[in-house]
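Here's a quick briefing to read with the model open in your viewer. Have a look around first, then work down the bullets.

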Amino acid sequence: MARLANWLRLVTLSVAVAVSAAASFPVAAGVDLPRLEKGRGDKCVEETQNMRRNHMEYLKHQRDETLRKGIRTTRHSLKKCVECHASEKSGSVAASKEDFCSACHSYAGIKLDCWDCHATKPGKKAMPMAGQGGNTHNTSPLMATAQPGDRK
Ligand code: HEC
Ligand code: HEC
Ligand code: HEC
């Protein structure tokens with residue numbers, strides 16, 4: 001029994017290591033990144049290296065500010081990311097594997113649920129339930145089935 005427990009602990013540990021290794025893979029120094037289309041304008045909303053590493057934190061922070069406190073600033077807005085990073089070819093940040101957001105993520109084995117609700121193309125309204133208050137991040141199944149046509 002003790003041996004089984006040890007073995008399980010070992011398995012859990014190596015899975016955790018494998019997952020974090022995969023996630024930090026493209027950000028790690030010396031590893032080739034997938035080819036990315038350059039964003040519009042001449043710079044990002046934060047310094048490029050910083051964005052590579054911390055964009056998810058900015059987005060989550062921005063989301064929490066908006067949903068919990070109703071604060072809507074644009075600097076780290078997801079809508080803005082899409083405006084600057086949508087592909088010339090597909091017009092989207094995540095329609096094909098080469099598109100900006102999915103290029104890195106599919107490389108790193110990460111799948112976002114953001115696009116269930118948020119538009120991947122500039123100027124598209126993808127959230128008919130937005131603005132009704134409450135934390136809609138908790139009602140994913142409802143939102144997702146309400147808007148099947150707006151995905152991709
Ligand atoms: C279940 C649907 C749903 C999912 C899934 C979802 N969001 Fe949202 N999100 C919303 C709604 C609704 C708002 C509120 C929009 C408003 O009131 O302006 C919002 C607002 C935001 C905002 C602030 C407004 C903006 O454009 O910047 C950010 C940032 C954000 N979400 C990021 C994310 C990220 C990142 C993910 C994926 C990790 C995600 N969201 C997944 C529904 C969703
Ligand atoms: C005003 C246009 C603009 C906005 C808004 C913008 N970006 Fe950028 N982004 C750029 C440009 C231009 C670059 C390339 C900068 C460079 O080459 O140094 C870039 C670079 C990046 C990179 C690094 C890419 C690489 O080559 O490794 C990431 C990641 C990124 N942006 C994510 C985001 C996210 C997430 C958002 C929204 C929170 C966002 N960007 C908003 C223009 C923008
Ligand atoms: C330079 C590569 C790269 C680009 C470009 C990139 N990401 Fe990421 N993203 C990552 C990596 C790597 C992670 C996972 C980091 C981790 O888990 O520590 C990640 C994680 C995230 C997360 C958190 C996922 C979660 O489940 O916690 C969000 C949200 C996110 N990215 C949004 C975006 C958006 C939106 C874009 C396009 C505007 C984008 N990213 C472009 C590399 C990138």
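Is Arg75 buried or exposed, and how many other C-beta atoms lie within 10 Å? Arg75 is exposed, because there are just 9 other C-beta atoms within 10 Å, and a residue counts as exposed at 12 or fewer. Keep in mind that this is a predicted model. Overall, the protein has 5 helices and 0 strands, and 12% of its 152 residues count as buried.

**The overall picture**

- Reading from the N terminus, the order of elements is simply α-α-α-α-α.
- Take the contacts between residues at least 6 apart in sequence: 54% of them join residues at least 24 apart.

**H2 and the loop after it**

- Helix H2 covers 48-69, and H2 bends by about 75° at Asn54.
- Gly70 comes just after H2 and has a positive phi of about 70°.
- Arg75, the exposed residue from the opening question, sits in the loop between H2 and H3.
- Tyr58 is 17 residues away from Arg75 in sequence, and the C-alpha to C-alpha distance between the two is 9.3 Å.

**Around ligand 2**

- The shell around ligand 2 holds 21 residues, and the ones that come nearest are Gly39, Cys44, Thr48, Cys81 and Cys84.
- Sorted by class, that shell has 9 nonpolar, 6 polar and 6 charged residues.
- Helix H2 and helix H3 (78-85) each put at least two residues into the shell.
- The largest share comes from H2, with 6 residues.

**The nonpolar core**

- The largest nonpolar core has 10 residues in all: Cys81, Val82, Ala86, Val93, Ala94, Phe100, Cys101, Ala103, Trp115 and Ala119.
- H3 and helix H4 (100-108) each supply at least two residues of this core, and H4 gives the most, with 3 residues.
- As background, nonpolar side chains in soluble globular proteins tend to be buried together.
- Cys81 turns up twice in this briefing: it belongs to the core and is also among the residues that come nearest to ligand 2.
- Val82, another core member, is in contact with Val93, Ala119, Thr120, Lys121 and Pro122, leaving aside neighbours within four places in sequence.

**H3 and H4 against each other**

- Which residues of H3 are buried? They are Cys81, Val82 and His85.
- Seen down the axis of H3, those buried residues fall within an arc of 95°, so they line one face of the helix.
- In H4, the buried residues are Phe100, Cys101, Ser102 and Ala103.
- The cover goes both ways: H4 is part of what covers the buried residues of H3, and H3 is part of what covers those of H4.
- Gly109 follows H4 and has a positive phi, near 75°.

**The loop between H3 and H4**

- Gly91 is located in the loop between H3 and H4, and so is Ser92.
- Why does Ser92 count as buried? Ser92 has 22 C-beta neighbours inside 10 Å, and the buried label needs 20 or more.
- Gly91 counts as partly exposed because it has 14 C-beta neighbours inside 10 Å, which falls between the cut-offs of 12 or fewer for exposed and 20 or more for buried.
- Lys121 is a partner for both residues. Gly91 and Lys121 are 30 residues apart in sequence but 6.0 Å apart in space, C-alpha to C-alpha.
- For Ser92 and Lys121, the separation is 29 residues in sequence and 4.5 Å in space, again C-alpha to C-alpha.
- Not counting residues up to four places away in sequence, Gly91 touches Ala86 and Lys121.
- On that footing, Ser92 is in contact with Ala86, Ser87, Asp99, Thr120 and Lys121, leaving aside neighbours within four places in sequence.

Note on methods:
Residues numbered from 1 in each chain as written. Chains lettered and ligands numbered in written order. Predicted model: local features only at pLDDT ≥ 70, side-chain atom pairs only at ≥ 80, totals over all residues. Near = placed C-beta within 6 Å. Helix = DSSP H or I, 4+ residues; strand = E, 2+ residues; numbered from the N terminus. Nonpolar A, V, L, I, M, F, W, Y, C, P; charged D, E, K, R; others polar. Bend = angle between axes of the 7 residues up to and from the residue. Core = buried A, V, L, I, M, F, W, Y, C linked by C-beta atoms within 7 Å. Contact = placed C-beta atoms within 7 Å. Arc of directions from axis to C-beta.
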